[in-house]
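This report describes selected features of one protein chain for a reader who is new to structural biology. Please keep the sequence and the structure in view while reading.

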Amino acid sequence: MKEQQEKNHFHQHHKLSIKGETMKGMMKKTILTITVLSLLSIGLALSGCGSGGGEVSTQIIGNSEGVKLSSQIVSGTVSAGAPLAGQISIKDSSAAPQVKTAVIGNDGSFAFDVSDMTSPYILQAKGSANGKEYKLHSYAEGMGDVSVSPLSNAVLAIAAEVDDPEYVYENGNSKTYDKIALKLSGTVDSLLNTLQLLIERYNADHTKPIMSGYIMKHLDLNDMFEDVKITVKNGNLSIVNEKTGTVIYTGKISDIANGNFYPDNIPPAPAVPAALVGVTATGDSGQITLAWMAVSDATSYNIYYSTTSGVTMASGTKIQA
């Protein structure tokens, strides 16, 4: 590894980032230790994970009988701008549906062992975030990562052609699941296209709601969820600017493309933090330690590495942390 490049997180970057308590103080030192062995291990681990059904990930799942190793996992995050504090349930598509329920982690994470369940699955998360109550839904075709958010809630209703996504969780059948599987990808593309100006404001046009997890670090769609309220009710989708109360979008679930969009009501782009100063890098015994002075307005940092000189965000490999 010949070169490291550090970037403090600009909200217009849609990259995974590294966040720590040290980012809260202007003069506190932020230290990151990277081992070559760890990087190799991470690369191997990621190669076995995906952003949709059919992928296999291996996790340790605990139960009352002890700990067992499972390779059939549905996992992800629940976000409404902040991690949802509450519980999440997964319901399978067997003739007599099985349901499993778990407490959502402090970082919004969850994981279910589905080795004894039948795909596809409908997920329902209930709880609070930022002082508001939510009931959100999502869909998992099979094993792998899935996100649960206000946007996945809308995607599920549109793909299933129902007025309320909770109906799918409570009354879904094989016909409904087949319809969702057939329309899911097109629904996501259509919704992102309809909301393009809003999505681009948060540099989240690369994301796929429902088919990839979120990072609870003020990034991408998760950042957007802090600024706007997305509601599905009585067959209508509405998106409102949380700060001004003005309507950004309103339309029928059955005809999203022809809804009313008001781009002037989109929240303004956030200010860009100052550049990093005092960056140092030292190497010893197969590891590199980076240190820098924290930036007061930065909430997280992106770090890229390369084995050749001239690393940039485009040419470098971002460290997953």
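## Terms and model

Helices (H or I, at least four residues) and strands (E, at least two) are runs assigned by DSSP, and they are numbered from the N terminus. The model discussed here is predicted.

## Two backbone positions with positive phi, and a cis bond

N234 is found in the loop between β12 and β13. The phi angle of N234 is near 50°, which is a positive value in a residue other than glycine. N234 is exposed, because its relative accessible area is 64% and exposed means over 50%. E161 also has a positive phi, of about 60°, although E161 is not a glycine. E161 is placed in the loop between α2 (150-160) and α3.

A further backbone feature concerns the peptide bond from S119 to P120, which is cis, with omega near 0°. P120 belongs to the loop between β8 and β9.

## An open sheet of three strands

Three strands form an open sheet, in the order β8-β5-β11, and their pairing is mixed. The strands at the edges are β8 (109-113) and β11 (144-148), each of which pairs on one side only. From one strand to the next, the twist averages 25°.

How many bridges join strand β5 to β11? There are five, and strand β5 (residues 73-78) and β11 run parallel. To locate the pairing in the structure, one may start from V74, whose bridge partner in β11 is G144.

## Salt bridges

Side chains of opposite charge can pair when their charged atoms come close. In this model the count comes to five salt bridges.

One of these salt bridges is formed by the side chains of D116 and K100, at 2.8 Å from N to O. The pair links distant parts of the chain, 16 residues apart: D116 is in the loop between β8 and β9 (121-129), and K100 is in strand β7 (residues 99-103). D116 is partly exposed, with a relative accessible area of 44%, and K100 is likewise partly exposed, with a value of 24%.

## Two salt bridges from strand β10

The side chains of K132 and E242 meet in a salt bridge at 2.5 Å, N to O. K132 lies in strand β10 (residues 132-140), while E242 lies in the loop between β13 (236-241) and β14 (247-252), so the pair ties together parts that are 110 residues apart in sequence. K132 counts as partly exposed at 30% relative accessibility, and E242 is partly exposed at 31%.

K135 forms a salt bridge with E166, and the closest N and O atoms are 3.1 Å apart. Because K135 lies in strand β10 and E166 in helix α3 (residues 165-171), this pair ties together parts that are 31 residues apart in sequence. Are these two residues buried, partly exposed or exposed? K135 is partly exposed, with a relative accessible area of 37%, and E166 is partly exposed, with a relative accessible area of 23%. In addition, salt bridges that share partners join E161, K179 and K183 into one network.

## The second largest pocket

Rolling a probe the size of a water molecule over the atoms shows where empty space is left. The second largest pocket holds about 180 Å³ of space. Which residues line the second largest pocket? The lining consists of K132, E133, Y134, K135, L136, N153, K229, I230, T231 and V232.

β10 and β12 (228-233) each supply at least two residues of this lining. The largest share, five residues, comes from β10. By character, the lining residues of the second largest pocket divide into four nonpolar, two polar and four charged. K132 and K135, described above for their salt bridges, are among the residues of this lining.

## An exposed lysine in helix α4

K175 is found in helix α4 (residues 174-194). Is K175 buried or exposed? K175 counts as exposed, because its relative accessibility is 65% and the cut-off for exposed is over 50%. K175 and A160 are 15 residues apart in sequence, and the distance between them in space is 9.6 Å, C-alpha to C-alpha.

Definitions and conventions:
Residues numbered from 1 in each chain as written. Predicted model: local features only at pLDDT ≥ 70, side-chain atom pairs only at ≥ 80, totals over all residues. Heavy atoms only, no water. Pairing = 2+ DSSP bridges. Axes fitted to C-alpha atoms, helices over the stretch in contact; angles between N-to-C directions. Salt bridge = Lys/Arg side-chain N within 4 Å of Asp/Glu carboxyl O. Buried < 20%, exposed > 50% of the residue type's maximum accessible area, 1.4 Å probe, protein only. 1 Å grid on protein atoms, 1.4 Å probe; cavity = no way out; pocket = protein on both sides within 12 Å on 5 of 7 lines; lining within 4 Å. Points joined across faces, edges and corners; volume = space filled by probe spheres on them. Nonpolar A, V, L, I, M, F, W, Y, C, P; charged D, E, K, R; others polar.
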